[in-house]
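Work through the following exercises with the sequence and the structure at hand, and try each task before reading its solution.

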Amino acid sequence: MPTYSLLDLSPIPQGQTARDAIENTVALAKAAEKAGYHRYWLAEHHNMPGIASAATSIVIAQVAAATETMRVGAGGIMLPNHAPLVIAEQFGTLATLYPDRIDLGLGRAPGSDMATARALRRHMAPEDSFPQDVQELIAYLSVDGGGLSVRAVPGVGTQVPVWILGSSLYGAQLAAYLGLPYAFASHFAPDALEQALHIYRTTFQPSEHLEKPHATLAAGVCVAQSDEEAKILRSSQILAFARLRTGAPGPLPLPVERVEDHVAPTVLNQVNHALSCSATGSPDTVRQKLQEIIARYQPDEIILTGAIHDNSARIRSFEMAADVLNSL
């Protein structure tokens, strides 16, 4: 049975505010810790009216302060948006405040549209410096600061665990080469999952950070007392994803009984495929689906995610998901 964790985007439900979303995140994190989740990750997105985790390190600090033992971190920070030193200082500060509890997952995508990426960076370099930036960031967090003339304070010596995140083969290759743990974004981009895990596991080079591969897959989950109730709760996320795909992002919509009445068939097919690495239904239905996913991919860890408009229902969903995983 793999370790189970939770990925949260701090969704902003329709009719609520960003503050409500962050308070919802803190409430979910407290419940997740009680339910036995190993780590709680938040993701960086910008210019998204339905996501409140843009200032990811600040939200991580709120979650870490509200919990006691669960690991908390980024899943992930989109490193092209930042200077490695700034992220080293942010996560070095988090690790100083919450020792041995902070994770740093790094992604290569901007996590936004190009106009927003320009607003974040001001100067867009044409070359891909992601591998060098990852290594520079790790050096800042190392015991001796990597011998660099500039030191991250706080940061140096904290040795915050660094993960590579990805939805293609690139991240798998880089994680294997650097000997780092790897997490695949199969919750919205499942196509290359099997091949990426194979590449990561077969080409992994042991390092001072990790002796053997540690592969995590992400899966959507929505659990309720019945299949029909779960399907309705899940409709909010399907609607939100469809609207994002069609260029009309917004707050997390209210659930509907028949999502097919609100989304064009071609778009709905695309969305259902993108979100296909998931389990929706009653505990028995979700148990069967998660068993299939785990048996097929053999992850070392599974990180669950899911957006439900009613945060009480979202908390119950993750609590039931934990019960299901504990029963496997």
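**Exercise 1.** In this predicted model, determine how many of the residues of strand β5 (residues 162-166) are buried, and on which faces they lie.

*Solution.* Begin with the count: five of the five residues of β5 are buried, and the strand is thus mostly covered. Next, recall that side chains in a regular strand alternate between the two faces of the sheet. Sorting the residues by side places V162, I164 and G166 on one face and W163 and L165 on the other, and since all of these are buried, both faces of β5 are covered.

**Exercise 2.** Find the strands that pair with β5, and follow the chain from β5 to β6.

*Solution.* Strand β4 (residues 102-107) pairs with β5 in the parallel sense over three bridges, and within this pairing L106 has I164 as its bridge partner. Strand β6 (residues 182-184) also pairs with β5 in the parallel sense, over three bridges, with L165 standing opposite A183 of β6. From β5 the chain passes through helix α6 (residues 169-178) to reach β6, and this β-α-β crossover is right-handed.

**Exercise 3.** Describe how helix α2 (residues 56-66) and helix α3 (residues 84-97) are arranged.

*Solution.* Two packed helices are described by the angle and the distance between their axes. Here the axes of α2 and α3 come within 10 Å and cross at roughly 5°. Because angles under 35 degrees count as roughly parallel, α2 is roughly parallel to α3. Turning to the residues, S57, I60 and A61 of α2 meet Q90, F91 and L94 of α3, and by class this contact has four nonpolar, two polar and no charged residues.

Terms used:
Residues numbered from 1 in each chain as written. Predicted model: local features only at pLDDT ≥ 70, side-chain atom pairs only at ≥ 80, totals over all residues. Heavy atoms only, no water. Axes fitted to C-alpha atoms, helices over the stretch in contact; angles between N-to-C directions. Helix = DSSP H or I, 4+ residues; strand = E, 2+ residues; numbered from the N terminus. Parallel < 35°, antiparallel > 145°, perpendicular 65-115°, else oblique. Contact = heavy atoms within 4.5 Å. Nonpolar A, V, L, I, M, F, W, Y, C, P; charged D, E, K, R; others polar. Buried < 20%, exposed > 50% of the residue type's maximum accessible area, 1.4 Å probe, protein only. Pairing = 2+ DSSP bridges. Right-handed = clockwise from strand over helix to strand, strands pointing away.
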